[in-house]
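Please open the model in a viewer and follow the stops below in order. Each stop gives a selection to make and then describes what is found there.

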Amino acid sequence: MKLLIIEDSTRLRRSLVTGFTRLGYAVDDSADGRQGLGYARSNHYDVIILDLMLPGMDGLSVLQELRSQHDETHVLILSAKDDVNDRIQGLNSGADDYMIKPFSFDELHARLLTLTRRKHNVKSPLIGIGELVINTVMRQVSVNSKKLSLTPTEYIILEHLSLNADRVITYSSLIDQICNCQDTISRNTLEAHISSLRKKLKIVNLLDFIKTKRGFGYYVDNN
């Protein structure tokens with residue numbers, strides 16, 4: 001999952017970036033509404049976490065600008081504005097969820113996972129492909145009830161491919177999932193992660209689970 005956090009509180013923003021980075025997510029952040037809008041326009045994100053009271057451009061204007069451009073990225077408003085009319089206005093302006101500060105990080109994470117499942121039309125937190133099961137809440141992978149030990153990056157790759165089963169995911173799209181816009185990794189590094197993941201899948205007899213579409217990317221067959 002790739003996130004954009006637009007929040008002007010330095011302490012809160014850094015805390016969120018640290019928390020989600022530790023979970024293996026690629027995270028970009030901005031303290032300014034106009035800069036955050038620029039990030040949203042020039043990058044692909046799974047979810048945008050958006051404060052309302054921002055310098056440069058307020059969060060509601062950022063949201064309305066995105067929706068006016070037919071940007072369907074999931075947006076979760078995270079705000080201290082707890083009046084019911086503020087929540088109604090945010091949701092009616094195109095937000096997918098609205099969460100009030102102070103908040104629980106675990107609940108915020110759960111809401112992000114729900115938005116991600118909604119994006120892929122998946123109701124259950126469990127993704128099952130043959131003998132392999134991914135628990136997206138616990139971030140665990142098992143094959144025939146035997147847990148696999150994956151690095152955070154390997155988990156993100158496997159989850160993303162599985163959520164998009166039967167679709168070829170390009171090299172650049174996978175790289176985008178595992179690094180933010182300030183960092184970059186080479187295709188060779190991506191291939192090293194894929195190779196390590198394939199070796200771990202081979203141990204549990206999933207020899208050809210991740211397939212290569214030469215010149216394009218990788219995919220998982222849901223058959």
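Begin by selecting α6 and helix α7 (residues 171-178), which pack at an angle of about 130 degrees. In this predicted model, the axes of α6 and α7 are 10 Å apart. Angles over 145 degrees count as roughly antiparallel and those from 65 to 115 as roughly perpendicular, so α6 and α7 are oblique to each other. Viewed as a crossing, α6 passes α7 in a right-handed sense.

Keep α6 (152-163) displayed and add α1 (10-22) and β2 (26-30): these are the elements that give two or more residues to the lining of the largest pocket. Which residues line the largest pocket? Select Val17, Thr21, Gly24, Tyr25, Ala26 and Val27, then Pro152, Thr153, Ile178, Cys179, Asn180 and Asp183, to show the lining. The space in this pocket comes to about 180 Å³. Colouring the lining by class gives seven nonpolar, four polar and one charged residues.

Now colour domain 1 (2-120) and domain 2 (126-220) separately. Why does the largest pocket lie between them? Both domains give residues to its lining, so the pocket is located between the two.

Next, hold α1 in view and select α5 (105-119). The axes of α1 and α5 come within 12 Å and cross at roughly 60 degrees. The two helices are therefore oblique to each other. The crossing in which α1 passes α5 is right-handed.

From α5, move to the loop between β5 (97-100) and α5, where Pro102 lies. Is the peptide bond from Lys101 to Pro102 cis or trans? This bond is cis, with omega near -5 degrees. As background, most peptide bonds are trans.

Turn then to helix α2 (residues 33-42) and helix α3 (residues 59-68), whose axes come within 10 Å. Their axes cross at roughly 25 degrees, and α2 is therefore roughly parallel to α3, because angles under 35 degrees count as such. The crossing of α2 and α3 is right-handed.

For the last stop, follow the chain to the loop between α3 and β4 (74-79) and select His70. Phi of His70 is near 60 degrees, a positive value in a residue other than glycine. Most residues other than glycine have a negative phi.

Key
Residues are numbered from 1 along each chain as its sequence is written. This is a predicted model: local features need pLDDT of at least 70, side-chain atom pairs count only at pLDDT 80 or more; totals for chains, interfaces and linings use all residues. Side-chain values use heavy atoms; hydrogens and water are left out. On a 1 Å grid over the protein atoms alone, a cavity is a set of points where a 1.4 Å probe fits but cannot get out, and a pocket is an open set with protein on both sides within 12 Å along at least five of seven lines; lining residues have an atom within 4 Å of a point. Grid points are joined across faces, edges and corners, and a volume is the space filled by probe spheres set on the points. Helices (H or I, at least four residues) and strands (E, at least two) are DSSP runs, numbered from the N terminus. Ala, Val, Leu, Ile, Met, Phe, Trp, Tyr, Cys and Pro count as nonpolar, Asp, Glu, Lys and Arg as charged, and the others, Gly among them, as polar. Domain bounds come from an automatic or database domain assignment. Axes are lines fitted to C-alpha atoms, for helices over the stretch in contact, and angles run from 0 to 180 degrees between N-to-C directions. A crossing is left-handed if the near helix is turned anticlockwise from the far one by less than a right angle, and right-handed if clockwise.
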